[in-house]
Amino acid sequence: MPNLSLLLIGNPASASCPLQISPPRVVVRLEGSFSANCTSLSDQIDGMGWESPYGGLDLTQGVTSLLFSIDSVPVWELEPMCYVNLHDGDQCVKLLPVTVYKMPDSVSLRQNSTTVKESEQFAIQCDIVNVAPARNLSVLWHKGNKILNSETFIESSPSPVSKSSVLTLTAHRDDDGAEIWCEAKLNLWPGEQGPAMMHSMSHRVTVFYPPTYTKAGNETLEMTVGENMTLNCNAKGNPPPSYHWEFPKFTKEWHDNKEVIEPILTLPFELPGVYTCTAYSKQGNVTKYFNISEAPRSRTTFGVIVGVGVAVGVLLLIAGAYFVTPNGTFSFNKDGYQPGTPSGPV
């Protein structure tokens, strides 16, 4: 191993220091292996070597390239340096950045309550156990295919630590049944290179909310007696609502003896009135009114009567024009009998 004091008086690698390391940086898991080659871009050197507490190489003369390798990385911090002694007595060094990582032992979710009411805030915690280095860790929160939030950490220790990320949300009915999950990612590699990211099991959100009608607003309908009518009181809620109907005072016996609990009512129209439906659950209730009136009777018969009356009147006018005599009497034959005129000799 070369004298460390010589390295300390050397100049850092720069444009004037003819050293090139390939690869320029290393990412390796603990107990993993790697190698890197240091090459001098100048032949005006006396020798070169690697300084490292593990796998170091003494000053080697007559070479312009020197390979550094470790079969099993034993520590969390490792900073190997390639150095070169020049003919003019100067020395320069170049550091090889090495990041030693460890994927988490586990990524899991915690929530104090498995259910939440609409408009209430709730928190879900993502626990990442034994990950290194945490300064490169990011936690991504997902709801379905959408990223809700991301978090990074300020951490100086290169060795494994456990971290937690908390997501706070306000419950909305549209979130009922949605899947939320967290993802732990070590940002050590460009693009999508490196080991696979770890994510938690998804948590399915349960949001309680009061009933809301799928067809909002009260309804007014006109029906014909005997015609089937359908009244839709269907409502959405969590838990699913129950239903209670109230009817006008019918005479049919089944209305008095049978309680209707379905959201959609279909029955023959008998009497006008207000039909009331209430959808209810532990989260609340909502009421809808159906104002049912009898449709006006068909105007066809009335129209026929009026039409016939008008036709008769017209006919009478025409008949009068042809058969009424000047003195106001009625005759079917104008050349026939005339009142007050003798019919023969006296």
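A polar contact is a pair of N or O atoms within 3.5 Å; within protein, one atom must be able to donate a hydrogen and the other to accept it. In this predicted model, a polar atom of the Lys-288 side chain lies 2.7 Å from the backbone oxygen of Lys-215.

## Lys-288 and its surroundings

Lys-288 is placed in strand 27, which spans residues 284–294. The relative accessible area of Lys-288 is 1%, and the cut-off for a buried residue is under 20%, so Lys-288 counts as buried. Besides the approach to the backbone of Lys-215 at 2.7 Å, the side chain of Lys-288 has a polar contact of 3.0 Å with the side chain of Glu-219.

Setting aside residues up to four places away in sequence, Lys-288 touches Tyr-213, Lys-215, Gly-217, Asn-218, Glu-219, Asn-232, Tyr-275, Thr-276 and Cys-277. Cys-277, on this list of neighbours, is also a disulfide partner of Cys-233.

## Lys-163 and its surroundings

A second buried lysine is Lys-163, with a relative accessibility of 18%. Lys-163 belongs to strand 16, residues 161–170. The side chains of Lys-163 and Glu-155 are joined by a polar contact of 3.0 Å.

With neighbours within four places in sequence left out, Lys-163 is in contact with Cys-126, Asp-127, Ile-128, Ala-134, Leu-137, Phe-153 and Glu-155. Of these residues, Cys-126 takes part in a disulfide with Cys-182.

## Disulfides

A disulfide is a covalent bond between the sulfur atoms of two cysteines. Under a cut-off of 2.5 Å between the sulfur atoms, the model has four disulfides. When the bonded cysteines are numbered in sequence order, they pair as 1-4, 2-3, 5-6 and 7-8. Three of the disulfides are described here, beginning with Cys-38 and Cys-82, whose sulfur atoms are 1.8 Å apart. This pair links distant parts of the chain, with Cys-38 in strand 4 (residues 34–40) and Cys-82 in strand 8 (residues 81–86), 44 residues apart. The link between Cys-38 and Cys-82 is left-handed, with -85° about the S-S bond. Cys-38 and Cys-82 are both buried.

The sulfur atoms of Cys-126 and Cys-182 are 2.0 Å apart, and the two residues form a disulfide. Cys-126 lies in strand 13 (residues 121–131) and Cys-182 in strand 17 (residues 179–186), so this pair ties together parts that are 56 residues apart in sequence. The disulfide of Cys-126 and Cys-182 is right-handed because the torsion about its S-S bond is about 70°. Both Cys-126 and Cys-182 are buried. In the disulfide of Cys-233 and Cys-277, the sulfur atoms are 1.9 Å apart. Cys-233 is in the loop between strand 22 (228–232) and strand 23 (235–238), while Cys-277 is in strand 26 (residues 273–281); the pair links distant parts of the chain, 44 residues apart. A torsion of about -85° about the S-S bond makes the disulfide of Cys-233 and Cys-277 left-handed. The relative accessible area is 0% for Cys-233, which is therefore buried. Cys-277 is likewise buried, with a value of 0%.

## A sheet of three strands

Strands of a sheet pair through backbone hydrogen bonds, either parallel or antiparallel. One open sheet consists of three strands in the order 2-4-7, with antiparallel pairing. Strand 2 (19–22) and strand 7 (65–70) stand at the edges with a single partner strand each, so one side of each has no neighbour in the sheet. From one strand to the next, the twist averages 20°.

Six bridges join strand 4 and strand 7 in the antiparallel sense. Among the paired residues, Asn-37 has Leu-67 of strand 7 as its bridge partner. Strand 4 also carries Cys-38 of the disulfide with Cys-82.

## The protein as a whole

The protein has three helices and 27 strands. Of its 346 residues, 34% count as buried. Among contacts with a separation of 6 or more, 65% are between residues 24 or more positions apart.

The accessible surface of the protein is about 20900 Å². Carbon and sulfur atoms account for 54% of this surface.

Methods. Residues are numbered from 1 along each chain as its sequence is written. This is a predicted model: local features need pLDDT of at least 70, side-chain atom pairs count only at pLDDT 80 or more; totals for chains, interfaces and linings use all residues. Side-chain values use heavy atoms; hydrogens and water are left out. Helices (H or I, at least four residues) and strands (E, at least two) are DSSP runs, numbered from the N terminus. Buried means under 20% relative accessible area, exposed over 50%, partly exposed in between (1.4 Å probe, protein chains only). Contact means heavy atoms within 4.5 Å. Two strands pair if DSSP finds at least two bridges between them. Axes are lines fitted to C-alpha atoms, for helices over the stretch in contact, and angles run from 0 to 180 degrees between N-to-C directions. Accessible areas come from the Shrake-Rupley method with a 1.4 Å probe; for residues, only the protein chains shown count as cover.
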